[in-house]
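This briefing sets out selected structural features of one protein chain. The sequence and model are shown first, and the points that follow are grouped by topic.

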Amino acid sequence: MTIPFLDAGAGYRELRAEIDAALQRVSASGRYLLDAELASFEEEFAAYCDNDHCVAVGSGCDALELSLRALDIGPGDEVVVPAHTFIGTWLAVSATGARPVAVDPTPDGLSLDPALVEAALTPRTRALMPVHLHGHPADLDPLLAIAGRHGLAVVEDAAQAHGARYRGRRIGSGHVVAFSFYPGKNLGAMGDGGAVVTGDSGVAERIRLLRNCGSREKYRHEVRSTHSRLDEFQAAVLRAKLPRLDAWNARRAGTAERYGRALGPVPQIAVPVTAPWADPVWHLYVIRCAERDELRRRLERAGVQTLIHYPVPPHRSPAYADDPAGAPAGTHPLSERLAAQSLSLPLGPHLGEDEARAVVAAVRAASAGLAAYPTPDGQRFPLVTEKR
């Protein structure tokens with residue numbers, strides 16, 4: 001059995017009738033940009049996120065960049081970002097002319113470390129950008145407290161967290177939250193796409209202006225901007241998928257629970273943590289292994305496809321080699337260790353039980369003889385901790 005990391009077409013096959021009807025509806029309308037499908041999706045996704053406004057744009061990176069620009073963040077400003085994240089988080093900051101300032105995560109790798117965030121603040125700091133990594137919410141309350149004390153904005157990168165909850169609150173219900181609809185996301189389009197969800201009508205209106213060449217009225221351009229618009233076809237696809245999102249997330253959670261129970265006792269790996277205040281949506285299931293590359297080679301030979309998220313930390317990327325945000329090895333040690341040890345197993349709402357069992361068996365067999373994974377105080381990382 002060959003097990004792909006993700007079957008991106010399975011969602012279409014499950015919803016073929018609904019998606020085909022949606023695409024035909026748009027095709028027949030003759031209206032392909034900034035029309036009824038987009039307006040309906042924005043209304044529906046804002047409601048899903050328990051928020052007031054949704055402005056859909058061309059990509060998740062655009063959602064982050066335009067969020068910052070809507071808050072007048074730009075050249076000379078600094079934005080605190082995680083050192084362990086997809087480089088798109090950083091690139092969005094750089095695109096505004098601001099500087100990303102990186103800090104390591106908490107020891108579980110899931111959130112910006114508040115102590116390090118506080119230490120990284122300067123008179124130029126304008127915003128914090130926590131990332132809800134792998135579908136697990138960041139611990140927002142300590143970060144919001146820091147932002148409140150220092151008068152900073154918080155822009156949440158929720159590209160991997162559609163449907164997650166933090167202390168019972170839906171991710172997306174915050175002040176400014178950016179999503180991606182890249183096809184592999186929990187809520188994925190059939191192309192690129194993104195959105196900003198906000199409770200601030202001023203921010204929403206500013207992003208609508210920025211996404212459309214700085215124009216509210218044709219040929220009247222109020223600011224220098226770009227065009228970044230989610231088209232009607234992608235909006236229609238997302239409308240068809242949105243009602244299934246919670247059910248698909250539940251399927252992901254079932255597979256994650258299976259993995260955690262079976263792989264938690266394996267001494268060569270550490271399985272993911274779920275914080276007691278979080279309801280994650282398991283965009284990725286990321287284990288850690290001291291001999292990650294050898295484990296991956298063995299799994300590939302066994303027919304199990306895995307991915308590495310993310311092998312090169314942004315501060316070590318050539319993209320930042322000549323930038324003050326770049327840094328030598330050892331600057332962010334936990335992020336560098338995560339880059340060297342993390343391995344993402346197959347996970348998706350359409351991964352079958354037989355496939356999940358095969359993944360478990362392959363990981364257990366492939367781990368044999370590898371070095372034991374060192375954990376703090378010799379403790380294993382639990383899949384789920386008691387809710388409070």
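In this predicted model, strand E14 is largely enclosed by the rest of the structure, because five of its five residues are buried. Tyr285, Ile287 and Cys289 point one way from E14, while Val286 and Arg288 point the other way. The points below treat the sheet around E14, then the salt bridges, the surroundings of Glu37 and the chain as a whole.

**The sheet around E14**

- Three strands make up an open sheet, ordered E12-E14-E15, with antiparallel pairing.
- The edges of this sheet are strand E12 (269-270) and strand E15 (342-345), each of which pairs on one side only.
- Strand E14 spans residues 285-289 and is joined to E12 by two bridges, the two strands running antiparallel.
- On the E12 side, Ile269 has Cys289 of E14 as its bridge partner, and Ala270 has Arg288 of E14.
- Between E14 and E15 there are four bridges, again with an antiparallel course.
- Across this second pairing, Ile287 stands opposite Leu343 of E15.
- Cys289 and Ile287, which take part in these pairings with E12 and E15 respectively, point one way from E14 together with Tyr285.
- Arg288, the partner of Ala270, points the other way, as does Val286.
- Helix H11 (residues 292-301) lies across E12, E14 and E15, and its direction makes an angle of about 25° with E15.

**Salt bridges between distant parts of the chain**

- The structure holds 29 salt bridges, and three pairs among them are described here.
- Arg211 and Glu42 form one such bridge, with their closest N and O atoms 2.8 Å apart.
- Arg211 belongs to the loop between helix H8 (201-210) and strand E10 (215-217), and Glu42 to helix H3 (residues 36-48), so this pair ties together parts that are 169 residues apart in sequence.
- Both partners fall under the 20% cut-off for burial: Arg211 is buried at a relative accessible area of 7%, and Glu42 is buried at 9%.
- A salt bridge also joins the side chains of Asp141 and Arg169, with an N to O distance of 2.9 Å.
- This pair links distant parts of the chain, as Asp141 is in helix H7 (residues 140-150) and Arg169 is in strand E7 (residues 169-170), 28 residues apart.
- Asp141 is partly exposed, with a relative accessible area of 31%, and Arg169 is likewise partly exposed, at 36%.
- Asp246 and Arg170 form a further bridge, in which the closest N and O atoms are 3.7 Å apart.
- Because Asp246 lies in helix H10 (residues 245-263) and Arg170 in strand E7, the pair ties together parts that are 76 residues apart in sequence.
- In this pair, Asp246 is partly exposed at 40% relative accessible area, whereas Arg170 is buried at 9%.
- Glu14, Glu18, Arg244 and Arg251 are joined into one network by salt bridges that share partners.
- Strand E7 thus contributes Arg169 to the bridge with Asp141 of helix H7 and Arg170 to the bridge with Asp246 of helix H10.

**The surroundings of Glu37**

- Glu37 is located in helix H3, the helix that also holds Glu42.
- Its relative accessibility is 8%, and Glu37 therefore counts as buried.
- The side chain of Glu37 makes a polar contact of 3.0 Å with the side chain of Arg239.
- When neighbours within four places in sequence are left aside, Glu37 is in contact with Arg25, Val26, Glu232, Ala235, Ala236 and Arg239.

**The chain as a whole**

- The secondary structure of the protein chain comprises 13 helices and 15 strands.
- The chain has a radius of gyration of 21 Å, which agrees with the value near 21 Å for a compact globule with 388 residues.
- Along the principal axes, the C-alpha atoms fill a box of roughly 65 × 55 × 40 Å.
- Of the 388 residues, 55% count as buried.
- Among contacts between residues at least 6 apart in sequence, 72% join residues at least 24 apart.

Notes
Residues are numbered from 1 along each chain as its sequence is written. This is a predicted model: local features need pLDDT of at least 70, side-chain atom pairs count only at pLDDT 80 or more; totals for chains, interfaces and linings use all residues. Side-chain values use heavy atoms; hydrogens and water are left out. A salt bridge is a side-chain nitrogen of Lys or Arg within 4 Å of a carboxyl oxygen of Asp or Glu. Buried means under 20% relative accessible area, exposed over 50%, partly exposed in between (1.4 Å probe, protein chains only). Two strands pair if DSSP finds at least two bridges between them. Contact means heavy atoms within 4.5 Å. Axes are lines fitted to C-alpha atoms, for helices over the stretch in contact, and angles run from 0 to 180 degrees between N-to-C directions. A polar contact is a pair of N or O atoms within 3.5 Å; within protein, one must be able to donate a hydrogen and the other to accept it, and residues adjacent in sequence count only if both atoms are side-chain atoms. The radius of gyration is taken over C-alpha atoms; the globule rule is 2.2 Å times the number of residues to the power 0.38.
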